[in-house]
Amino acid sequence: MRIARVIPFLCASAVLANTLIPISPAPADTAPVKIAVITDMSGVYSGLSGQGAVIATKMAVADFGGKVLGRPIVVDAVDHQNSATIAEAKAREEFGSGADLAMDLTNSAAAIAVASVAKDVHKLAIVTGAASTALTGADCNKYTYHYAYDSYALAHGTGASVARAGFKTWYGIVPDYAFGKAMLSDFTAAIAPYGGKFIHADTMPLGTTDFSSYMLAARNAHPQVLALLNAGADTVNSMKAAKEFGLDKQMKIVVGLLFLSDVDALPDVFAGSRITDSWYWNEDKAARAFADRFAAADNGLRPTSVQAADYSATMQWLKAVKAVGSTDADKIVAYLDGRKFDDFYAHHAEWRARDHRVIHDMYVMDVLPKSEVKEPHAWMKIVDTIPADQAFRPASESTCQKTW
Amino acid sequence: MTRSVSIGLALALIAILIAVPWIGIPLPPLFGEPLRSPGSLSLLAVCFVFGALAVSYDLLFGYTGLLSFGHALYFAMGVYATAIALERWHWSLIPTLLFVVALCVVVPAIVGAICLRTHDVAFAMVTLAFAQAGSIVVLQNPFGLTGGEEGLPLSTQSLPAIFAGVANSRNLYWLALLLLIFTYAVARMLVGSRAGRVWQAIRENERRVATVGLNTYLFKLGAFVCSSVLASLAGIVYVFIEGGATSEITTANFTLALLVMVVLGGVGTLWGAVLGGMLYEYLDFRLVVLSSASGLQSLPPILRVPLSEPLFVLGVLFILLVLFVPGGLAGAFRRLSSLSTRTTTLTGGQ
Amino acid sequence: MSPDYIAAQIFNGLASGAFYALLALGLSVIFGMLRIINFAHGAVYMLGAFATYYAAQLLHVPFYPALILAPIAVGIFGMLIEALILRRISGSDPVYGLLLTFALTLVVVNLVRLLAGPLGSPYSVPPSLSSAVDLKFTIYPAYKLFVIAVSIVVCAVVWWFVERSLLGARIRAATENPVLVRALGVDTKRLVTLAFGAGVALAALAGVLAAPTTNVQPYMGDDIIIYTFAIVVIGGLGSITGSVVAGFALGILQTIGAVYYPPIATTLIFIVMVIVIAIRPAGLFGRPESLR
C-alpha cells in the first residue's frame with residue numbers, strides 16, 4: 001500500500017527532474033562535425049543529385065581523412081521530396097541537432113527556404129543543385145553560397161556561343177514561371193552583343209503538355225535557332241514535338257537546362273542540342289579520375305556536375321574548417337569571402353564576397369548522336385569554355401542587398 | 001463517456017500540450033529529437049495547423065456535405081495575403097491581420113455565391129476551377145508579388161519579433177495550439193447552433209430542407225464562408241511557422257490531401273478531423289525517416305524498396321482504411337468503445 | 001496568318017482532341033456505370049504508355065500489335081481492381097470511390113516510378129509513321145493523322161456499341177435501374193466489371209497513342225487528368241456523345257487559343273466549363289438525373 005502511494009510521487013519527481021535539468025549535448029569538442037545533404041532522393045531530380053550527391057559528399061569526407069579538428073565527420077542524407085516546406089523543416093531539425101553545414105539543396109524553392117533557415121540559425125548552406133539567381137540576388141544572405149550553376153550562367157554560355165557562331169534569329173519556347181522568364185531575359189541579353197534577337201518568344205501557360213501548335217508556329221517562322229527554355233518533362237515533350245515536325249533538321253536546337261542524367265535517360269531525344277554546364281566527367285584527366293572512383297561507388301554511373309560540385313564544395317568547406325580551427329559559420333565566411341581556389345571541378349574559382357556567388361569556368365557542350373558516342377555515358381563534347389569572370393552575372397550588376 | 005469526464009480529459013490534454021515545450025523527454029522513433037527541441041516543436045506546430053485546417057474542411061464537407069475541391073485556395077489566400085502584406089508592402093501586424101480576415105470573408109463570399117449555384121459533381125469541378133485559377137495566379141508572380149514557384153520568404157524585419165528566430169519556436173508552438181483550440185471551439189459552437197443543425201440537414205436531404213421553407217443557398221454560403229475564414233486563419237499561423245509562403249499549397253493535390261485528412265479521421269466528427277489532420281502531416285514528414293530505420297533495412301529488397309517509399313505506403317494504408325475502416329479513426333474508436341460497453345453489459349447483467 | 005496555317009493548327013487541335021475524347025469517353029463510361037469519379041484515370045493512361053514501352057523492351061512487341069494488346073492487358077488489370085477492391089464500396093458514399101481511386105493512383109504511380117525511374121523512358125514514333133504527309137495546305141506529320149483516325153474510329157465503335165447493340169442496351173438499362181435489370185435475370189455485377197475494364201482500356205489506348213510523342217514518365221497522367229474531368233463535365237457526365245464532341249471541340253479550341261493568345265490556352269477549358277455549367281449544369285449533352 002505505502003509503496004503504491006510512493007510510485008506516483010516518484011514518477012512525478014522523475015518528470016520534474018527531467019524538465020528542470022537542461023538537455024546537455026555532448027561537449028562541443030568531441031561532438032561529430034555533421035554535414036546534412038538535403039536533396040531530392042526519389043523524384044525528378046534524384047538522377048541529377050539524389051543518392052549520388054550523398055556518395056560524392058561521403059567520398060570528400062573520406063578523402064579528407066574522416067576527421068577534422070579531432071572530431072569525426074558524419075554525413076546525413078535527407079530527402080526533401082521536392083517540397084520546400086519539408087526542406088525547411090528538415091533543415092531546422094538537422095541544424096537543431098548539430099549539423100554544421102547544409103549541402104546540395106537541389107530545387108530552387110527548397111534552396112531558398114533552407115537559405116532562410118541558415119540565416120536564422122547562423123549556419124552555412126551551400127547550394128549546388130538549384131538554378132535560381134535569387135539566391136545571389138533578392139534572397140541573398142551571409143550564410144548561403146551558390147556554388148555550381150545558375151540560370152544566368154546557363155543562358156550566357158549557350159546564348160553567346162551560338163550567337164557568336166552566326167545564328168542570329170531565335171525562336172523561344174518559354175514556360176510561364178520564374179525560371180522560364182529569367183532564362184528568356186538572360187538569353188536575350190546574351191545574344192544581343194552578337195546581333196542575335198528573339199523573333200518570337202511566347203510564354204507558354206503552366207500545364208502545357210502538347211507543344212504541337214508552338215512547333216508548327218516555329219516552323220512557319222523559319223528561325224535559325226529554336227531555344228527550349230523549359231525544364232524536365234516539358235523539355236522532353238517539346239523536343240519530341242520538335243522532331244515530329246522536322247524542326248531538328250531545319251534549325252539549331254538549344255536547350256536551356258539539361259544535365260548528364262537527363263541524357264542518360266533519353267539519349268536519342270536530345271542528340272544534336274547545345275547546352276551549358278559547369279563540369280563534364282570526361283573533360284580532362286582529373287575529372288575522369290574522379291568519375292572513375294565515383295562509378296566504382298555508384299554502379300558504373302558517371303557523376304553529374306552537381307554531384308561533382310558536392311564533392312568539391314564539401315572538400316573546400318572542410319579545408320576552411322581546418323584552417324579556421326572551428327565550424328563557426330561567421331569565421332568560415334570571413335575566411336572564404338574573396339578566396340580564390342582551383343580543383344578538379346572548379347577552375348579559376350573564387351568565393352565572391354559581393355553576393356556569395358562562387359564563380360568558376362563554365363563549359364558549352366553539344367549532345368552527341370549515338371553513332372559518335374565512344375563509351376557508355378560519354379554523351380557530350382565540349383565546344384567552348386567560358387572563363388569564370390565572364391560566366392556569371394558581374395558583381396557590379398548584382399541585386400543582392402548585402403547586409404553583412 | 002459522460003460529459004464531465006470528457007471535458008476533464010480535454011482540459012488535461014490541453015494542459016499537457018501547453019506544457020510540452022518544457023518536457024525534455026526524447027521520444028524516438030516518433031521524433032528525431034527531444035520534445036522541446038525547435039525541430040519537434042516546429043513539427044507539432046505544423047500538425048496543429050493542419051488539424052485546424054482539417055476541422056475547417058470538415059465543417060464544409062463533413063457537416064454540410066459540400067465536396068469542394070478548392071478549399072486549399074482559402075488557406076493559400078491566408079498564407080499569401082499575409083506574406084505579401086508583411087514582406088512586399090511592409091505593413092505592420094495588426095493592419096495585415098485585419099486585411100487578411102476581410103479579404104477572406106469577401107472572396108469566399110463571392111466565389112461561393114458563384115459555385116453554389118451548382119450541385120454535387122459540378123460544384124466540385126467549379127471549386128476546382130477556381131483553385132486552379134488561384135494556383136496559376138500565384139505561379140505567374142504578377143507584379144513580383146507572390147514569388148512564383150520559388151516562394152516568398154519573410155525577412156526577419158517582416159516577422160513579428162516574438163515569432164522570429166529559432167529561440168522563439170515555443171511561441172510559435174503555443175500560437176499554433178491556440179489556433180487549433182480556437183478553431184475547434186468555433187466549429188463546435190457553429191455545429192451545435194441552429195445553423196449547424198440546418199447544415200447537417202442539408203447534407204442529409206437538401207430538398208426536404210428547402211420544402212420546409214429555409215433558404216438552403218444562404219445556409220450553404222454561410223458554411224462556405226465560415227470554413228474559408230477558419231482556413232485562412234490557419235494560413236496566417238502557417239506563414240509565421242514556415243517563415244514564408246511556398247507554392248505547393250496552391251495545388252489541387254493539396255486539397256485532395258485535405259480530403260484524405262478528414263476521411264482518415266472520420267467525416268463529421270470534429271475531433272476526428274483534428275486527429276486526421278495531425279496524423280497525415282506527421283506521416284508526411286516522418287515516414288521518410290522511418291523508412292530508413294534499421295528494421296526495414298533487413299527486409300528483402302522486394303519488400304524493402306516499396307515500403308521505403310512514403311507515398312506508396314500512404315496509398316496502401318489508405319486503400320486498407322477505406323475498405324476496412326470507412327468511419328476513419330473516429331469510427332474505429334467508436335466501434336472499439338461500443339464493443340467494450342457491450343461486453344460489460346453481457347458479463348455484468350447476469 | 002494564312003488560312004493554310006490555321007487549317008494546319010486545326011489538325012493539331014484534332015490530334016490533341018483525339019486524346020481528350022478517348023480519355024473523356026473512358027471516364028464517362030466508368031461514371032455512367034459505377035457512379036465513381038475515377039481519379040485513377042490518369043494513372044491508367046500512364047500504364048498504357050508504359051505497357052507499350054515494356055512490351056517493346058522485354059517482348060519486342062512492335063507498335064501496331066501493342067495498340068491492341070496493351071489496352072487489353074491494362075483493361076484486364078482494371079477489371080481485377082474493380083472486382084477485388086472497388087466492388088466492396090459500391091453503394092456507399094461516392095466520395096469513397098473517389099478516395100479509393102486516388103489512393104490507387106498513389107500506389108500505381110509510385111510502383112512505376114520505382115520500376116522505371118522518375119525521368120522518361122525512351123519510345124519513338126514507328127518508322128512507318130514517321131514521315132510527313134503532303135496535305136496540299138501543309139506538310140503534316142503522318143503520326144498525328146494516324147492518331148486522329150484511330151480515335152475517331154474507336155469513338156464511333158464505342159458509340160455504336162452503347163447505343164445500338166444488345167449488350168449496350170443492357171448496360172444502359174443497368175445504369176438507369178440496376179434492381180429491375182437484376183430482377184430480369186441479367187448479371188449486373190459482370191456488366192459493371194466489363195464497363196470498368198472498357199473505360200480503363202480506352203484510357204490505356206490513349207496512353208499507347210501518346211507514348212511516341214510524349215515523355216513516358218510516371219507522372220504523365222497527372223496533368224492530363226484535370227483537363228479530362230473538365231471536359232467530361234462540359235460534355236455531360238455519363239454521356240458518350242458529350243465526351244467525344246467536347247473532347248474534340250476543346251482540343252481545337254485550346255490549340256487555336258494557343259495560336260492567338262498563348263497565356264489563355266490552359267485556362268480556356270476551365271473558362272468554358274464554368275460558362276457551360278452556369279447555363280446547363282448537367283453539361284452540353286448530359287441529363288440532369290445523371291448527377292444524383
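The following conversation covers the chain A to chain C contact, the domains of chain A and the strands of chain A.

Reader: Before we start, what kind of model is this?
Author: This is a predicted model, in which local features need pLDDT of at least 70, side-chain atom pairs count only at pLDDT 80 or more, and totals for chains, interfaces and linings use all residues. Residues are numbered from 1 along each chain as its sequence is written, while chains are lettered from A and ligands numbered from 1 in the order in which they are written.

Reader: How many residues of chain C are in contact with chain A?
Author: 30 residues of chain C are in contact with 33 residues of chain A, where contact means that C-beta atoms, placed from the backbone, lie within 7 Å.

Reader: Which helix of chain C gives the most to that side?
Author: α1(C) gives the most, with six residues. At least two residues each come from α1 (3-34), α9 (220-235), α10 (240-260) and α11 (265-279) of chain C. Helices here are DSSP runs of H or I with at least four residues, strands are runs of E with at least two, and both are numbered from the N terminus.

Reader: And how do the residues on that side of chain C divide?
Author: There are 16 nonpolar, 13 polar and one charged. Ala, Val, Leu, Ile, Met, Phe, Trp, Tyr, Cys and Pro count as nonpolar, Asp, Glu, Lys and Arg as charged, and the others, Gly among them, as polar.

Reader: Changing topic, how is chain A divided?
Author: Chain A has domain 1 (33-149 + 282-356) and domain 2 (152-277), with bounds from an automatic or database domain assignment. Their C-alpha centres lie 29 Å apart. The contact between them takes nine residues from domain 1 of chain A and 13 residues from domain 2 of chain A.

Reader: Is strand β5 of chain A covered on one face or both?
Author: Both faces of β5 (residues 124-127) of chain A are covered: A:Leu124 and A:Ile126 on one side, and A:Ala125 and A:Val127 on the other, are all buried. Buried means 20 or more other C-beta atoms within 10 Å of the residue's own, with C-beta atoms placed from the backbone.

Reader: Which strands pair with β5(A)?
Author: Strand β4 (residues 99-104) of chain A pairs with β5(A) in the parallel sense over four bridges, and strand β6 (residues 144-146) of chain A does so over three bridges. Pairing requires at least two bridges found by DSSP.

Reader: What stands opposite A:Ile126 in each neighbour?
Author: A:Met103 stands opposite A:Ile126, and in β6(A) the bridge partner of A:Ile126 is A:Tyr145.

Methods: Two residues are in contact if their C-beta atoms, placed from the backbone, lie within 7 Å. A residue is buried if 20 or more other C-beta atoms lie within 10 Å of its own, exposed if 12 or fewer, and partly exposed in between; C-beta atoms are placed from the backbone.
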